[in-house]
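Got your viewer ready? Here is a short tour, stop by stop, with what to select along the way.

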Amino acid sequence: MTEPRSSWPLYEVFVRGKRGLNHVHVGSLHAPDDEMALRNARDLYTRRNEGVSIWVVKADAITASSPDEKDPFFAPAGDKVYRHPTFYAIPEDVPHL
Amino acid sequence: MDLEREFERVVAADHRIEPRDWMPDGYRKTLIRQIAQHAHSEIIGMQPEGNWISRAPSLRRKAILLAKVQDEAGHGLYLYAATETLGADREDLTTKLIEGRQKYSSIFNYPTLTFADVGVIGWLVDGAAICNQVPLCRTSYGPYARAMIRVCKEESFHQRQGYELLMTMMRGTDAQKAMVQDAVNRWWWPSLMMFGPPDAESSNTEQSMVWRIKRHTNDELRQRFVDMSVPQAEKLGVTLPDPKIAWNAERGHHDFGDIDWDEFWQVVKGDGPCNAERIENRRKAHEDGAWVREAAAAYAAKKERVA
């Protein structure tokens, strides 16, 4: 019996480990719809209390930067060292700075 | 050419290759083959132990066994997901497994005859798997390494529950102790075979080491496993079925006897005790589940039309 390839869409799963933390990508899964994706994600990625909140997003809804153009894409930040606090020389004896 | 140099630089620097990076075709193919085989092993591996869920001797043991088998399913899914980041398709891999075009670990072609086998699988089979898998947490392909980190965390529960089960039986009646020894006798050699053929005959090892897919050779990992298991067997009070096991102070390792590689190849090629049964069960589960997958997809399509 042959079935259509990947008959269920791919979802990416993000889990908030505990209150106060960001959701972090943990992996992916296939599910027929959003609701089932959420339930499958619970069973697959939080069997040991790994999370307090889950996001699921259809993989094709994600827009990603391409690794090939990594250098030019991130270049605008490369030469702006003045955005970092360590760029500025302040005498040691100035308090609270 | 630049892309290839960049790939080699990242791998040599022990950094990770990520899904959308350029990679050589051979690297991609090797990874898909290895990760799929690993995923299939987890899925087929549910069967030997699943065999004892309905007959576990207590509710406690049943709950533990259920959790363990559920973990194996989870491990299979993490790994199938990792293959999909390489362009493989899970449905297609399942078909290849069912049609015998892709392999799984030969260890799961041995039967689980008594409940002691559940304990020995946890101790020795999962122990050998951990030896194999811990170095893979640092494998060069990011999604594979991350899947292995999750798997290893969960495997340590598997190994400890197995050892604890055996300790409990070894405190029991003579019949129970004999059952444990019998299970150890049957599983010891197949566990050593889990590390694959000797280095001299392992066709994929060299390239996989360069690509840092593999971090240690089969023989290195097998030796590590023997060294770990000898004191554990002593503590448990069982005898490993190999009279040649002896500490070799010069090497700083245990010597051990020759593995029956004819048996290994026979099982790999499909003539193990349970090969046909395992695949048949997997096929049946897949086909019997077809209507559920179709119904869920139809429901999703209907909701989409209404919305």
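**Stop one: the core**

Select Leu29(A), Tyr27(B) and Trp123(B): of the 89 residues in the largest nonpolar core, these touch the most other members. Such a core is a set of buried Ala, Val, Leu, Ile, Met, Phe, Trp, Tyr and Cys residues joined through side-chain atoms within 4.5 Å. Buried means under 20% relative accessible area, exposed over 50%, and partly exposed in between (1.4 Å probe, protein chains only). Helix 6 (residues 115–133) of chain B gives this core its largest share, 11 residues; helices (H or I, at least four residues) and strands (E, at least two) are DSSP runs, numbered from the N terminus.

A word on the setup: this is a predicted model, where local features need pLDDT of at least 70 and side-chain atom pairs pLDDT 80 or more, while totals for chains, interfaces and linings use all residues. Residues are numbered from 1 along each chain as its sequence is written, chains are lettered from A and ligands numbered from 1 in the order written, and side-chain values use heavy atoms, without hydrogens and water.

**Stop two: salt bridges**

Now pick Glu154(B) and Arg47(A), a salt bridge with its closest N and O atoms 2.8 Å apart. The term means a side-chain nitrogen of Lys or Arg within 4 Å of a carboxyl oxygen of Asp or Glu. Glu154(B) is buried, at 4% relative accessibility. Add Arg48(A) and Asp71(B) to see the salt-bridge network they form with that pair.

Next, try Lys58(A) and Asp34(A), whose side chains form a salt bridge at 3.9 Å, N to O.
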